[in-house]
Amino acid sequence: MALTVSRAFLLIAVVLTAQLCRCTAYAGDGFSVEFIRRDSVKSPLHDPSLTAPERMLAAARRSTARAAALTRSFAPGGSPDGAVSEVIGRPFEYLMYVNVGTPPTRMLALADTGSDLVWLRCSNDTTAQPPNVLFNPSNSSTFGRVGCDSAACHALAGTSCGTDGSSCNYDYEYGEGSETIGVLSTETFTFDDAPGSCAGCRDRPQLQVANVNFGCTTSTSGVFAADGIVGLGDGTMSLVSQIGADTSLGRRFSYCLAPFSAPNASSALNFGARAAVTEPGAVTAVLFRSHGDAFHIIALEDIKIGNATFTLPNLNRYEVALDTGSMLTYLARVLLDPMVEELKRRINLPTVASPDHMLQLCYDVSNVSRRSLFEKNVPDITLQLIGPGAPELTLKAENMFTELKQGVMCLAVARVTDEQPLAIIGCIAQQNLHIGYDLDKGTVTLAAADCASSYQSPSASV
């Protein structure tokens, strides 16, 4: 009897310890981190002097600059790897925090669904600018180098052996011409789980992943307005793939982009079982292999507005990238032009010129009656996806139109060109959708969701 009581007290002690101490093993259902929009109040890039339409216009300009850089990279005479002579920074719209090393250094990185490499600025980075945080490898007990003959070194394009003959140096170029240079290394990464995910825990639980391959960057070209980049693409070096290889969570992740009408709401980036999309009306599409950067590619059979159907001539499928680095959506002219005409016919309100003349269709909604008519007349747009059961994704007005100037509502879709044929579904189209990727199964599942409540921010600022 005494032995039984002792065991009971021991079990209680273990449970209490697990609840009161900071957890460094992943929870069985996965984990969630905060997905921070670059213009939100939680971002160091937030400009409080801008109005909401001015922020959207700035984001649309970033998308346009990115598309122009990609166009130049595809131009005749360009280098095979897509490098361009005019170097710009990697465009982005979302950031995430990572804790690197032992003891951990907290760093803010761009979250990029269009690339694989995870890299962070190290203490010998000669191109860093304040307020960049630098990681000092000499202060960490878990830092290591990736060998020149290792599988990780061979898996990354642009690597070479260092002067010591053993280290793995990298020169990683993005499609826009920006690049990062450094030494491929390994380190322990720790991620803060969402507040409230552990009932009874005194501190926020954490996921700790050892031996993550990452780039210890010593220089960059182009402007990277953060401490590094976390690649969330489909390659072996992406964070998603490495978490899947080092834990039992699998290569699964999801995000739910809070609507831009809720500027202070945080979005969620989920891993493991929490990436499951369980909302009503969820549809699943097939993922196709990206031909350039490590974008996640789906395919459309057609686009519908009411009883009008739009297709690309002589193509059974039209491949598009789901991209969190572009605010705008980009479609081929032969699809977009007739869609614009159909929307004009259905909305039936006077049009106005787009700010910067970057978009094809804008409306004056500066008074209450016009805004009311606009909201009433905008039709749903349905994407016929390629996947099991002929999935259809319905996009509402908030997914297709945005206010780029006070009282001016514009269709947030621009043309791709023959020189840069990559079609994109951008952030505006993805807001209030829970989008879950299962890279092991090669599928993506999408459903309408209340993304403003997908991540509950802690009371203290992060």
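In the predicted model, helix α2 makes the greatest contribution to the lining of the second largest pocket, to which it gives 4 residues. This pocket has a volume of about 600 Å³, and of the 24 residues that line it, those closest to its centre are Met56, Phe260, Ser261, Thr402 and Glu403. Two or more lining residues come from each of the elements α2 (52-74), α6 (368-377), α7 (397-400) and β22 (401-405). By residue class, the lining of the second largest pocket comprises 11 nonpolar, 6 polar and 7 charged residues.

The largest nonpolar core contains 105 residues, among which Phe191, Phe271, Tyr318 and Phe401 touch the most other members. For phenylalanine 401, when neighbours within four places in sequence are left aside, the contacts comprise Leu343, Ile347, Leu361, Tyr363, Phe374 and Val378, together with Met409, Cys410, Leu411, Ala412 and Ile428. Apart from the largest nonpolar core lies another core, which consists of 20 residues and includes Cys153, Leu184, Ala226 and Met237.

Side chains of opposite charge can pair when their charged atoms come close. A search of the whole structure identifies 20 salt bridges. In one of these, aspartate 356 is paired with arginine 61, with a separation of 2.5 Å between the closest N and O atoms. Because aspartate 356 is located in the loop between β18 (351-352) and β19 (362-364), whereas arginine 61 belongs to helix α2, this salt bridge ties together parts that are 295 residues apart in sequence. Aspartate 356 is classed as partly exposed, at 43% relative accessibility, and arginine 61 is likewise partly exposed, with a relative accessible area of 41%.

A further salt bridge joins aspartate 193 to arginine 274, and here the closest N and O atoms are 2.8 Å apart. The two residues of this pair are 81 residues apart and link distant parts of the chain, with aspartate 193 in the loop between β8 (179-192) and β9 (206-221) and arginine 274 in the loop between β12 (267-271) and β13 (283-286). Both aspartate 193 and arginine 274 are buried.

Arginine 251 and aspartate 440 form another salt bridge, in which the closest N and O atoms lie 3.0 Å apart. Distant parts of the chain are again linked, since arginine 251 occupies the loop between α4 (239-246) and β11 (252-256) and aspartate 440 the loop between β26 (433-438) and β27 (443-448), the two being 189 residues apart. Arginine 251 is partly exposed, with a relative accessible area of 22%, whereas aspartate 440, with a relative accessible area of 51%, is exposed; the latter assignment follows because a residue counts as exposed when its relative accessible area is over 50%. In addition to these pairs, Asp39, Arg62 and Glu93 are linked in a network of salt bridges.

Leucine 207 is placed in strand β9 and, at 1% relative accessibility, counts as buried, because this value falls under the 20% cut-off. Between the C-alpha atoms of leucine 207 and aspartate 192 the separation is 6.7 Å, although these residues are 15 residues apart along the chain.

Definitions and conventions: Residues are numbered from 1 along each chain as its sequence is written. This is a predicted model: local features need pLDDT of at least 70, side-chain atom pairs count only at pLDDT 80 or more; totals for chains, interfaces and linings use all residues. Side-chain values use heavy atoms; hydrogens and water are left out. On a 1 Å grid over the protein atoms alone, a cavity is a set of points where a 1.4 Å probe fits but cannot get out, and a pocket is an open set with protein on both sides within 12 Å along at least five of seven lines; lining residues have an atom within 4 Å of a point. Grid points are joined across faces, edges and corners, and a volume is the space filled by probe spheres set on the points. Ala, Val, Leu, Ile, Met, Phe, Trp, Tyr, Cys and Pro count as nonpolar, Asp, Glu, Lys and Arg as charged, and the others, Gly among them, as polar. A nonpolar core is a set of buried Ala, Val, Leu, Ile, Met, Phe, Trp, Tyr and Cys residues joined through side-chain atoms within 4.5 Å. Buried means under 20% relative accessible area, exposed over 50%, partly exposed in between (1.4 Å probe, protein chains only). Contact means heavy atoms within 4.5 Å. A salt bridge is a side-chain nitrogen of Lys or Arg within 4 Å of a carboxyl oxygen of Asp or Glu.
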